[in-house]
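Got a minute to look at some labels? Let's ask what earns each one.

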Amino acid sequence: PRRSEARPAPAKILLPPPPLLSVSSTAALRWLLCSCRTHIRRLGPEEQVRGVPDGWTHQFVMLSGSPEHEARFRAARAAARAATGGSGSFHAWHGSPLCNWHSILRLGLKNMSNTEYMSTGAAFGSGIYLARDLGTSLSYAQGYCGSTQGWEKSVFGPSHCCLALCEVVDCPSKFTSVKPYLVVPDEDLVMTRYLFVVPPGQLEYAGVRSGGGGNSELVLPELPSLLQDLPSQAADLDALAPAGAVAPADAL
């Protein structure tokens, strides 16, 4: 346009002010955003764990332990590697009903045996229950605490289950092995590594029914380099959370 033709000023869009939150709601929101250290990232098609059933494509890297927990785990793994000359660790499955996953995602796997939070008993002693056999863990993910009840509007469907593939320090003297279970009392010897969300149409497949069989050789992707440096990020993560960040009573 010519200089004499001034452009009209853009119209202003007036938006209503955001609603004010109550003190308790603000505290709850702050706790939700600042107190969870879990790192979850969806795996791309070329990164996914191979050796699991076809169609299990909802796979995520999941590190739910704190950097301090990760550092203790790595120290124990290094000690096991030095003692045995092996890799120092192996992978095992953990299946749990949906009602337990809010806690697992935020806090990692905890030894809740013989406490008020225990949901499936402790027939082989106190500890975190794992299995090398996928079918065993899948049956626990499906069969307790409201079965596979989910949220009807979930993108995964109204009924699905979750499993974690965990890394376990290879120190047989510190856990109980009663086929098909592994019972690990020390939380520092277990780290969640991968999360699988399984829609209802894929809960059964040849070889994994009624908790039996179905394992094939797993091929695991390398964890992203960001996660390899996780313990060094402890100070940064601490700086993100407000001092004394705990759940307000009305948020629990």
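Q: What does "buried" have to mean before we use it on this predicted model?

A: A residue counts as buried when its relative accessible area is under 20%. In this predicted model, 38% of the 252 residues of the protein make that cut.

Q: What makes strand E2 (residues 59–63) largely enclosed?

A: Five of the five residues in E2 are buried, so the rest of the structure largely encloses the strand. Gln59, Val61 and Leu63 point one way from E2, while Phe60 and Met62 point the other way, and all are buried. In a regular strand, side chains alternate between the two faces of the sheet.

Q: Why is Leu32 called partly exposed?

A: Partly exposed covers the range between under 20% and over 50%. Leu32 has a relative accessible area of 43%, so the label is partly exposed. Leu32 sits in helix H1 (residues 23–34), and joins Leu21, Leu29 and Leu33 in a nonpolar surface patch with about 390 Å² of accessible area together.

Q: How do you know that E1 and E2 pair?

A: Pairing takes at least two bridges between the strands. Strand E1 (residues 39–42) and E2 have four, in the antiparallel sense, so they qualify. As one detail, Ile40 has Met62 of E2 as its bridge partner.

Q: What makes E8 (residues 190–198) a partner of E2?

A: Three bridges join the two strands, which run antiparallel. The cut-off is at least two, so E2 and E8 pair as well. Here Gln59 stands opposite Phe196 in E8.

Methods:
Residues numbered from 1 in each chain as written. Predicted model: local features only at pLDDT ≥ 70, side-chain atom pairs only at ≥ 80, totals over all residues. Heavy atoms only, no water. Patch = residues over 30% accessible without salt bridge, like charges linked within 9 Å, V, L, I, M, F, W, Y side chains within 5 Å. Areas by Shrake-Rupley, 256 points an atom, 1.4 Å probe, with all protein chains shown as cover. Salt bridge = Lys/Arg side-chain N within 4 Å of Asp/Glu carboxyl O. Buried < 20%, exposed > 50% of the residue type's maximum accessible area, 1.4 Å probe, protein only.
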